[in-house]
Amino acid sequence: RGRGIMASSLAEEEEAFEHTLLVVREVSVYKIPPRTTSGGYKCGEWLQSDKIWSGRLRVVSCGDRCEIRLEDPATGELFAACFVLPGQRESAVETVLDSSRYFVLRIEDGRGKHAFVGLGFNERNEAFDFNVALSDHEKYVKREQEKETAGAGGEETGGGEIDIHPAINRRLKVS
């Protein structure tokens, strides 16, 4: 893991600002049975009896990585985190076959252990916003990579443009 990161980009990543792309006040997390077929998960199999947690969801951009954080709404204490690495969204966040409001997240403990849990949104539009935040982050990372491969000069882009993460309010930091 992380073997492809050069020392300079690692330093940049540590300096990168965290940007909150989405906050959903209440989501539900479910214990899910192992996948029985290669076809995918169905939330109908786990919705009734297997709710293990509810709280706040935050989608946070950390450089080229996106983190889905499940937090206690009162204390901010982290319940679990799902890390979405560039180009690996499908292995971290999976849609279920039988609902647009439910997903399966690959959560990690930060020490190499992971588990799969069900994630449920109360409203369809919250699930839609969740998908949009993940897509916006992917587009941002792709643009950043294209800028790097276009060369350090960047003359092709027209020069005076300021790149701002698409899902962030358009505020500039004044130094």
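Three exercises with worked solutions follow, on the cores, a helix and a buried glutamate of this structure.

The model is predicted, so local features need pLDDT of at least 70 and side-chain atom pairs pLDDT 80 or more, while totals for chains, interfaces and linings use all residues. Residues are numbered from 1 along each chain as its sequence is written, and side-chain values use heavy atoms, without hydrogens and water.

**Exercise 1.** Find which residues have the most contacts inside the largest nonpolar core, and which strand supplies its largest share.

*Solution.* A nonpolar core is a set of buried Ala, Val, Leu, Ile, Met, Phe, Trp, Tyr and Cys residues joined through side-chain atoms within 4.5 Å, where buried means under 20% relative accessible area with a 1.4 Å probe, protein chains only. The largest one has 26 residues, and Leu-57, Val-93, Leu-105 and Phe-130 have the most contacts inside it. Its largest share, five residues, comes from β1. Apart from this core lies another of eight residues, including Trp-46 and Tyr-102.

**Exercise 2.** List the buried residues of α3.

*Solution.* Helices are DSSP runs of H or I with at least four residues, and strands are runs of E with at least two, both numbered from the N terminus. The buried residues of α3 are Ala-127, Phe-130, Ala-133, Leu-134, Asp-136, His-137, Tyr-140 and Val-141.

**Exercise 3.** Decide whether Glu-67 is buried or exposed, and find its polar partner.

*Solution.* Glu-67 lies in strand β3, and it counts as buried because its relative accessibility is 7%. Its side chain is joined to that of Arg-65 by a polar contact of 2.4 Å, meaning a pair of N or O atoms within 3.5 Å, of which, within protein, one must be able to donate a hydrogen and the other to accept it, with residues adjacent in sequence counting only if both atoms are side-chain atoms.

Conventions. Buried < 20%, exposed > 50% of the residue type's maximum accessible area, 1.4 Å probe, protein only.
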